[in-house]
Amino acid sequence: MELSEGRKTLRNKWVFKLKNEDNNSNSRYKTRIVVKGCNQKKDIDFEEIFSSVVKTTSIRAILGLATKQDLEVEQLDVKTEFLHGDLEEEIYMEQPEGFVELEKEHLVCRLKKSLYGLKQAPR
């Protein structure tokens with residue numbers, strides 16, 4: 001899309017990683033795009049920075065309730081928290097290297113979901 005008047009774009013970069021499996025025979029390449037959020041300004045690009053964390057006392061209380069009521073406790077890992085958060089602010093990013101369309105180099109990407117590197121990503 002076209003860049004809105006008075007807005008700035010954030011730069012980005014590709015991060016490449018070689019993931020080794022347990023037996024080291026199967027290796028695979030992984031990549032992700034990271035936004036350089038250090039250029040974001042408070043009250044312009046974001047309003048608050050918040051990362052949800054669990055206190056030890058909360059975990060103890062839940063485990064105590066589960067024990068008292070004879071419940072089973074299962075584990076849940078949130079690995080994609082940074083990729084599924086909806087953005088409330090208008091954040092624009094330059095087109096990623098390798099994905100720039102010919103004759104549309106002036107266009108930018110408006111982010112609707114958070115990416116790694118944004119100040120408000122943990123929200």
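In which loop is Asp70 found? In this predicted model, Asp70 belongs to the loop that runs between α1 (56-68) and α2 (81-84). The backbone of Asp70 has a positive phi of about 55 degrees, although the residue is not a glycine. Its side of the picture is completed by solvent access: Asp70 counts as exposed because its relative accessibility is 70%, and the cut-off for exposure is over 50%.

A positive phi also occurs at Glu103, another residue other than glycine, with a value near 65 degrees. Glu103 is placed in the loop between β4 (86-93) and β5 (109-113). With a relative accessible area of 72%, Glu103 is exposed.

The loop between β4 and β5 also holds Gln95. Is Gln95 buried or exposed? Gln95 counts as buried, because its relative accessibility is 17% and the limit for burial is under 20%. The side chain of Gln95 takes part in polar contacts with backbone atoms. A polar atom of this side chain lies 3.3 Å from the backbone nitrogen of Glu101, and the Gln95 side chain reaches the backbone oxygen of Lys104 at 2.8 Å. When residues up to four places away in sequence are not counted, Gln95 touches Asn12, Val100, Glu101, Lys104, Glu105, Leu107 and Cys109.

Glu101 and Lys104, whose backbone atoms are approached by the side chain of Gln95, are also joined through their own side chains. These side chains meet in a salt bridge, with an N to O distance of 3.7 Å; the pair qualifies because the criterion is a separation within 4 Å. Glu101 counts as partly exposed, at 46% relative accessibility, and Lys104 is likewise classed as partly exposed, at 38%.

How many salt bridges does the rule give? The count comes to two. Besides the pair formed by Glu101 and Lys104, the side chains of Asp86 and Lys113 meet in a salt bridge at 2.7 Å, N to O. This pair links distant parts of the chain, with Asp86 in strand β4 and Lys113 in strand β5, 27 residues apart. The two partners fall into separate accessibility classes: Asp86 counts as exposed at 57% relative accessibility, whereas Lys113 counts as partly exposed at 40%.

Key
Residues are numbered from 1 along each chain as its sequence is written. This is a predicted model: local features need pLDDT of at least 70, side-chain atom pairs count only at pLDDT 80 or more; totals for chains, interfaces and linings use all residues. Side-chain values use heavy atoms; hydrogens and water are left out. Helices (H or I, at least four residues) and strands (E, at least two) are DSSP runs, numbered from the N terminus. Buried means under 20% relative accessible area, exposed over 50%, partly exposed in between (1.4 Å probe, protein chains only). A polar contact is a pair of N or O atoms within 3.5 Å; within protein, one must be able to donate a hydrogen and the other to accept it, and residues adjacent in sequence count only if both atoms are side-chain atoms. Contact means heavy atoms within 4.5 Å.
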